[in-house]
Amino acid sequence: MDHEKIMQSALEEARRTMKEDKGGPFGAAVAKDGEVIAVSSNHVLANLDPTAHAEVLAIRKACQRLNTYDLSGCEIYATGYPCPMCLSAIVWANIKKVYVCGMPEDAEKIGFRDDFIYHFIRDRMRDDTVLEIVETDRKPAQMLYEEYKEMNKIVY
């Protein structure tokens with residue numbers, strides 16, 4: 001498998017859309033058995049969507065192309081270390097290996113702020129200056145979850 005070639009596809013896509021002011025210097029490629037399934041880049045600015053990160057968009061494209069929500073057997077290549085949201089998407093997609101060529105401190109040097117989210121998670125989400133999580137009555141959700149279970153629906 002040519003890891004450098006796959007990573008290069010992510011870098012080229014990131015560079016292209018970065019120059020078009022669509023988003024930051026982040027690209028991602030999803031591959032399976034050495035074949036590139038999907039390539040995308042950050043489109044936060046173009047889409048006015050803070051969730052339009054390269055990894056998430058590449059995962060969406062790969063799922064559509066493969067007609068599945070389960071990317072088991074796939075790998076993802078990213079030009080930056082995935083943020084917590086992207087890491088979560090990668091885990092939910094059942095991708096077991098991530099290749100990165102940029103680390104959080106590299107993005108932080110130019111002003112990207114993933115570090116405060118990592119700290120927030122590490123500190124067990126107790127910093128309500130970042131986000132306040134308020135637990136309400138749990139019974140409605142518990143009933144909904146039980147109903148889903150009783151319907152023998154797919155657990156993903």
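Begin the tour by selecting β1 and β3, which pair in the antiparallel sense over five bridges; the model in which you see them is a predicted one. Within this pairing, A31 is the residue to highlight, since A31 stands opposite E75 in β3.

**The sheet around β1 and β3**

Now extend the selection to the whole open sheet, which has four strands in the order β2-β1-β3-β4 and mixed pairing. At its edges lie β2 (35–41) and β4 (97–100), each of which pairs on one side only. If you look at how the strands are turned against each other, neighbouring strands differ by 20° on average, with direction ignored. Strands of a sheet pair through backbone hydrogen bonds, and the pairing may be parallel or antiparallel.

On one side of the sheet, select β1 (residues 27–32) together with β2, and you will have an antiparallel pair joined over six bridges. Here K32 stands opposite E35 in β2, and E35 is worth keeping labelled for a later stop. On the other side, select β3 and β4, which pair in the parallel sense over four bridges. Colour E75 once more, because its bridge partner in β4 is K97.

**Strand β3 by itself**

Show the side chains of β3 (residues 74–78) and ask which way each of them points from the strand. C74, I76 and A78 point one way, while E75 and Y77 point the other way, and all of them are buried. Because five of the five residues of β3 are buried, the strand is largely enclosed by the rest of the structure.

Follow the chain onward from β3 to G80, which sits in the loop between β3 and α4 (84–92). Is G80 buried or exposed? Its relative accessibility is 8%, and it therefore counts as buried, the cut-off for that class being under 20%. Next, add F26 to the selection and draw a C-alpha to C-alpha distance: G80 and F26 are 6.1 Å apart in space, although 54 residues apart in sequence.

**Salt bridges**

Return to E35 and display R65 beside it, for these two residues form a salt bridge whose closest N and O atoms are 3.3 Å apart. The pair links distant parts of the chain, with R65 in helix α3 (residues 54–66) and E35 in strand β2, 30 residues apart. E35 has a relative accessible area of 42%, so it is partly exposed. Side chains of opposite charge can pair when their charged atoms come close.

Then select E13, R16, E20 and K22, which are linked in a network of salt bridges. Within this group, E20 meets R16 through a side-chain salt bridge of 3.2 Å, N to O, and E20 also meets K22 in a salt bridge of 3.1 Å, N to O. With a relative accessible area of 39%, E20 is partly exposed; R16 is likewise partly exposed, at 38%, and K22 counts as partly exposed at 27% relative accessibility. The count of salt bridges comes to four.

**Helix α7 and what follows**

Move to the loop between α6 (114–122) and α7, where D128 has its place. D128 counts as exposed, because its relative accessibility is 54% and exposed means over 50%. For a sense of its position, draw the distance from D128 to I76: their C-alpha atoms are separated by 33 Å, with these positions 52 residues apart along the chain.

Select helix α7 itself (residues 139–150), whose twelve residues reach 16 Å from the first C-alpha to the last, close to the expected 16 Å. Just after α7, N152 takes a positive phi of about 55°. In the segment after α7 you will also find I154, which is exposed, with a relative accessible area of 53%. I154 belongs to a nonpolar surface patch with Y69, W92, Y148, V155 and Y156, and together these residues have about 780 Å² of accessible area.

**The whole chain**

Finally, zoom out to the protein chain, which has seven helices and four strands and follows the pattern α-β-β-α-α-β-α-β-α-α-α along its sequence. Its C-alpha atoms fill a box of roughly 50 × 40 × 25 Å along the principal axes, and buried residues make up 31% of its 156 residues.

Note on methods. Residues numbered from 1 in each chain as written. Predicted model: local features only at pLDDT ≥ 70, side-chain atom pairs only at ≥ 80, totals over all residues. Heavy atoms only, no water. Helix = DSSP H or I, 4+ residues; strand = E, 2+ residues; numbered from the N terminus. Expected span 1.5 Å × (residues − 1). Patch = residues over 30% accessible without salt bridge, like charges linked within 9 Å, V, L, I, M, F, W, Y side chains within 5 Å. Areas by Shrake-Rupley, 256 points an atom, 1.4 Å probe, with all protein chains shown as cover. Buried < 20%, exposed > 50% of the residue type's maximum accessible area, 1.4 Å probe, protein only. Pairing = 2+ DSSP bridges. Axes fitted to C-alpha atoms, helices over the stretch in contact; angles between N-to-C directions.
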